[in-house]
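Reader: Got a minute to walk through this structure with me? I'd like to go over the backbone, a helix and a sheet.

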Amino acid sequence: MKALVFTAPGVVEIHDVPDVVAGADEVVLHVDRAGICGSELHGIRQPGFRVPPLIMGHEFVGHTDDGRRVAVNPLVACGTCELCLDGKTQLCRTRVLLGVHKAGGFAERVVVPRSSLHDLPNSIDWDHAGLIEPVANALHAWRAAGSPASKRIGIIGCGPIGIACLEVALDGGAEFVACADLSHERGTVAKEIGAHQVATALEGEFDVIFDAVGTSSTRTSSLDHLIPGGTTVWLGLATSESAFDASAAIRFEKSIRGSFAYTNEEFAAAIALAPRLNLSWSTTFPLDQGAEIFTALMNGQSTPMKALLQP
Ligand SMILES: [Zn+2]
Ligand SMILES: [Zn+2]
């Protein structure tokens, strides 16, 4: 079968690879859409969790041999530790991500645990379904902030995660949402989706700020623009180390919440939420063009906003 393989730092190539075989409690999934994630653009430049050769892709949807249309929760947890038993599978110490630690969705077929499948409603088409994973991330971040309806929300970064945060905030009843991004194209998408204010940087104070970038400067900005007692939720992973004014955070009781992935329940909730959202900001390309698209995005091209690959 055909697959887009991460073969060496900075290199992805279409290869013919052996077809997959399902083991016990596993299913062969025919991939219909697999989204390219910003973390993959970073992850293949410097060696990290992703070790080549690897078929990446953790945002994928598809159908089974018997015609079930499903989204896949790519986060596979042990299911037995105290965190898993508490529903916090995203925090399981032995969690494994399909497309990161094991083969993922940039292929014609992929093997997934049967327990990772979530049925899709007929009302959602493949292009929209391909955005469920980023929506699940945003839903988790929104809940991490205490589901702050009727509040002033700031969002730093208008890539797919920032846009998904915007959608979830608007759906969740935010009073005012401001978005910041250096890219004019991305800011335009945020405006179309319904952001009340779009600029290259946040201006003024907010009750809650989502940082979907994760550099030292965006983390600093996410604290500087909070009201006293406010909360910033950090989802962006651009850099691991950051300098910020911790004493100001202490004196004005500002909270920093990390947000990673989603619980299984939130993944299901994102599927239920998706039909209500404006998920028209992706562009679908054949899997064959995956290497070109990857290279363009890696080289800093900011469009398409979200590329979905279709085997
Ligand atoms: Zn991702
Ligand atoms: Zn566990």
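Author: One term before we start. A residue is called exposed if 12 or fewer other C-beta atoms lie within 10 Å of its own, and buried if 20 or more do. Also, this is a predicted model.

Reader: Fine. Which exposed residues does α9 carry on the face turned away from its buried side?

Author: E265 and A272.

Reader: And which residues of α9 are buried?

Author: The helix covers residues 264-273, and N264, E266, F267, A270 and I271 are buried. Seen down the helix axis, those buried residues of α9 fall within an arc of 165 degrees, so they line one face.

Reader: Why would residues a few places apart share a side?

Author: An α-helix has 3.6 residues a turn, so residues three or four places apart point the same way.

Reader: What do the buried residues of α9 pack against?

Author: Two strands and a helix: β5 (69-72), β9 (117-119) and α4 (132-144).

Reader: Switching to sheets. What's the strand order in the open one?

Author: It has 6 strands, in the order β12-β11-β10-β13-β14-β15, and the pairing is parallel. At the edges are β12 (197-199) and β15, each pairing on one side only. From one strand to the next, the twist averages 15 degrees.

Reader: How many bridges join β13 and β14?

Author: There are 5, in the parallel sense, between β13 (residues 206-211) and β14 (residues 226-234). V208 stands opposite T231 of β14.

Reader: Now backbone oddities. Which residues other than glycine have a positive phi?

Author: D25 is one of them, with phi near 60 degrees. E253 is another, with phi near 45 degrees. Most residues other than glycine have a negative phi.

Reader: Where does D25 sit, and is D25 buried or exposed?

Author: D25 is in the loop between β2 (11-16) and β3 (26-35). D25 has 8 other C-beta atoms within 10 Å, so this residue counts as exposed.

Reader: Same two things for E253: which loop, and buried or exposed?

Author: E253 lies in the loop between α8 (246-251) and β15 (255-258). E253 is exposed too, because 11 other C-beta atoms lie within 10 Å.

Reader: Last one. Is the peptide bond from P52 to P53 cis or trans?

Author: That bond is cis, with omega near -5 degrees. P53 falls in the loop between α1 (38-43) and β4 (59-64). Most peptide bonds are trans.

Conventions. Residues are numbered from 1 along each chain as its sequence is written. Chains are lettered from A and ligands numbered from 1 in the order in which they are written. This is a predicted model: local features need pLDDT of at least 70, side-chain atom pairs count only at pLDDT 80 or more; totals for chains, interfaces and linings use all residues. Helices (H or I, at least four residues) and strands (E, at least two) are DSSP runs, numbered from the N terminus. The arc is that of the directions from the helix axis to the C-beta atoms. Two residues are in contact if their C-beta atoms, placed from the backbone, lie within 7 Å. Two strands pair if DSSP finds at least two bridges between them. Axes are lines fitted to C-alpha atoms, for helices over the stretch in contact, and angles run from 0 to 180 degrees between N-to-C directions.
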